[in-house]
Each structure stands twice: as structure tokens, then as C-alpha cells.
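Open your viewer, switch on a cartoon view and keep the selection box handy. We will go from stop to stop, and at each one you will hear what to select and what is there.

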Amino acid sequence: IAFKNFNKSIKINDISFAYPNNKAVINNLSLQIKKGQMIAIVGESGTGKSTLIDVIMGFNDPTSGDILIDDTPLKKYDINSYREKIGYVPQGGDLFNASITQNIKWANEKATNEQIQHVCKEAYADSFIKSFPYSYETLVGDRGVRLSGGQLQRIALARALIREPEILILDEATSSLDSKSEKNIQEALNTIARKTTIIVIAHRLSTVKDADLILVLDHGNVVEQGTHSELLSEGGTYARLVSKQIVGLAERKRQ
């Protein structure tokens with residue numbers, strides 16, 4: 001089936017996944033991602049966050065269980081048409097040694113200059129781009145070396161948005177940014193929210209406090225879920241992770 005959009009939800013039903021000759025990374029995991037929601041997936045390193053995203057994007061098939069898009073199994077869709085409706089922003093952005101316009105058009109060759117400027121405004125990138133002498137024709141260098149980390153990530157976000165994605169995935173996209181750049185990405189996500197379904201993998205929990213639902217993974221299992229305030233009040237794994245990050249930030253400031 002050619003994938004065009006979904007209307008209700010993505011359901012992950014009791015999936016498990018293991019790499020060959022290894023123990024399971026995901027264990028009988030179930031969750032529902034409703035259309036228009038911003039979902040955050042958090043947890044310590046090695047808990048299965050990125051593996052879960054690879055399964056959702058169809059790069060790995062579950063060992064058992066199903067992913068349903070509006071009750072239709074993902075495996076029944078043409079996988080290329082499905083991925084064309086996914087916007088993906090990795091850690092580090094990974095831009096090409098070309099102009100800003102060319103980097104964004106890589107995701108949608110038919111995009112007009114007006115469309116490119118529109119998504120750059122949504123990604124809080126238009127103003128700094130226009131401050132460059134060559135504006136949108138500025139060469140970014142190999143892997144975007146001529147840009148700051150925050151600038152690079154906002155252009156990477158604009159590149160994902162030019163696809164008009166049904167699902168936008170941010171995979172640790174703010175982990176290496178300073179607090180100001182992280183805030184810009186947060187503001188961009190708040191602008192985009194409700195227009196598309198957003199899945200955020202984050203180690204820095206300040207990025208996900210506005211999410212509609214936060215899922216806490218531990219050894220491939222969802223051990224907690226709720227909003228930021230709900231999970232803090234429970235005093236469990238999420239609250240412990242937040243406390244650890246606050247203490248670590250305070251220590252770095254003292255140094």
C-alpha cells in the first residue's frame with residue numbers, strides 16, 4: 001500500500017527486537033502515538049531508545065509483535081513511500097558542503113524558494129541566514145563546519161520540515177547544543193506542534209518538558225509514562241534522571 005498519511009494513531013503492539021546472536025534490546029513493548037502529539041522517549045544510554053526509532057522507521061523488523069498505522073500493519077505499506085513522509089533530525093545535523101538552499105532542497109528537489117524560507121522561519125533559522133552576506137546561498141562547509149551547532153541543527157530541522165512530514169523524529173538533536181540554541185529548537189518545536197506528529201529522543205530532559213507524553217525506557221521496557229509534572233510528582237526513574245541532570249549542571253557552573 002502506498003503510504004500518504006495517517007489519521008488516528010501509530011500503535012506499537014507488544015514488540016520485541018534482538019540483534020542476531022544477542023539478547024533482546026526491546027522486550028514486549030506497547031505504546032500508542034496519537035496523531036498531532038509530541039512524544040518524548042527518554043532513559044539512560046543503552047535502554048533501547050534509538051533501536052525503537054529504527055523499528056518505527058522500518059529499518060529493523062520486530063522479532064515479534066506489530067506496528068499498526070491506523071490499524072494497518074506497517075509491513076503492508078510500501079516502505080519507501082512511508083519513509084518519504086518521515087522527517088529525521090539526527091545529532092550533529094550532517095549537512096553537505098553546499099549552499100543552505102541546496103542542503104534543504106536535498107530533501108525535496110521541487111521545493112520553491114518561498115517554501116524554503118517558510119520552513120526556515122518555522123525552524124527559527126531565517127533571521128540568522130539573512131544576516132550572512134550571501135544569505136541562503138551561503139556555503140556551509142563539509143558537515144556544516146562553517147556554522148555554529150545551533151545554526152546547523154536549525155537548518156537540519158528546516159530540511160526535515162521541507163518534506164512536509166507526517167512524522168518528525170528528533171534523535172538527540174539538542175544533546176550538544178548550548179542552552180540558548182536548545183531554547184531556539186524548543187520554540188521551533190512548539191511552533192510545529194499539532195501540525196505534525198513529533199517523536200523526540202532526548203538525553204537532556206529540559207528539551208522534553210513540554211511533550212504531551214513522556215515515555216521512560218529501561219532495558220527495552222516502558223517503566224513510566226506521563227507528562228513532565230506527573231512524572232516528577234511520582235518521584236520515580238524520571239524524577240531521578242531530572243535531579244541528576246540538575247546536580248550535574250550546577251557542578252559544571254561552579255567549575
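## First stop: Ser50 and helix H1

Select Ser50 and show what surrounds it: leaving out residues up to four places away in sequence, Ser50 touches Asp171 and Ile201. Before going further, please keep in mind that this is a predicted model. Ser50 sits in helix H1, and with a relative accessible area of 36% it is partly exposed. If you like to draw distances, run one from the C-alpha of Ser50 to that of Tyr238: the two are 188 residues apart along the chain and separated by 18 Å. Tyr238 will come back later in the tour.

Stay in the helix and select Leu52 next. H1 covers residues 49-56, and Leu52 is found there too. Is Leu52 buried or exposed? Leu52 is buried, because its relative accessible area is 1% and anything under 20% counts as buried. Show its surroundings and, not counting residues up to four places away in sequence, you will find Leu52 touching Ile12, Ile15, Ile26, Leu29, Leu31, Ile41 and Leu217. For a longer line across the model, go from Leu52 to Leu152: their C-alpha atoms are separated by 25 Å, with the two positions 100 residues apart along the chain.

## Step back: the whole chain

Now clear the selection and look at the full cartoon. How many helices and strands does the protein have? There are 9 helices and 10 strands. Rotate the model slowly; along its principal axes the C-alpha trace spans about 55 × 55 × 35 Å. A compact globule of 255 residues would have a radius of gyration near 18 Å, and the 19 Å of this protein agrees with that.

Try colouring by burial: buried residues make up 50% of the 255. Switch to a surface view, and about 12,800 Å² is exposed, with carbon and sulfur atoms supplying 47% of it. Colour by charge as well: the protein has 31 positive and 30 negative charges, and their mean positions are 3 Å apart. As for how the chain packs against itself, take the contacts with a separation of 6 or more: residues 24 or more positions apart account for 70% of them.

## Into the cores

Hide the surface and select Leu168, Leu170 and Tyr238. In the largest nonpolar core, which has 48 residues, these three touch the most other members. Add helix H6, residues 149-161, which gives the most to this core, with 7 residues.

Here is Tyr238 again, so zoom in on its surroundings. Which residues is Tyr238 in contact with, leaving aside its neighbours within four places in sequence? They are Val42, Leu205, Val208, Ile214, Val216, Glu224, His228, Leu231 and Leu232. Apart from the core you are viewing lies another, of 30 residues; to bring up part of it, select Ile10, Ile39, Leu74 and Ile167, which are among its members.

## Loops worth a click

Move to the loop between helix H5 (126-131) and H6, where Arg143 has its place. Its neighbour in number, Gly144, is in the loop between H5 and H6 as well. Compare the two: Arg143 is exposed, with a relative accessible area of 54%, whereas Gly144 is buried at 1%. Check the backbone of Arg143 too, since phi there is near 60°, a positive value in a residue other than glycine. Around Gly144, not counting residues up to four places away in sequence, the residues touched are Leu95 and Leu152. You can also join Gly144 to Gly92, 52 residues away in sequence and 9.0 Å away in space, C-alpha to C-alpha.

Select Asn21 next, in the loop between strand E1 (9-17) and strand E2 (26-34). Asn21 counts as exposed, at 82% relative accessibility. Phi of Asn21 is near 65°, again a positive value in a residue other than glycine.

The last stop is Asp210, in the loop between strand E8 (197-201) and strand E9 (213-218). Asp210 counts as partly exposed, at 44% relative accessibility. To finish, draw one more line, from Asp210 to Ala98: the pair is 112 residues apart in sequence and 34 Å apart in space, C-alpha to C-alpha.

How values were computed
Residues numbered from 1 in each chain as written. Predicted model: local features only at pLDDT ≥ 70, side-chain atom pairs only at ≥ 80, totals over all residues. Heavy atoms only, no water. Helix = DSSP H or I, 4+ residues; strand = E, 2+ residues; numbered from the N terminus. Rg over C-alpha atoms; globule rule 2.2 N^0.38 Å. Buried < 20%, exposed > 50% of the residue type's maximum accessible area, 1.4 Å probe, protein only. Contact = heavy atoms within 4.5 Å. Areas by Shrake-Rupley, 256 points an atom, 1.4 Å probe, with all protein chains shown as cover. Lys, Arg positive; Asp, Glu negative; His and termini not counted. Charge placed at Lys NZ, Arg CZ, Asp CG, Glu CD. Core = buried A, V, L, I, M, F, W, Y, C linked by side-chain atoms within 4.5 Å.
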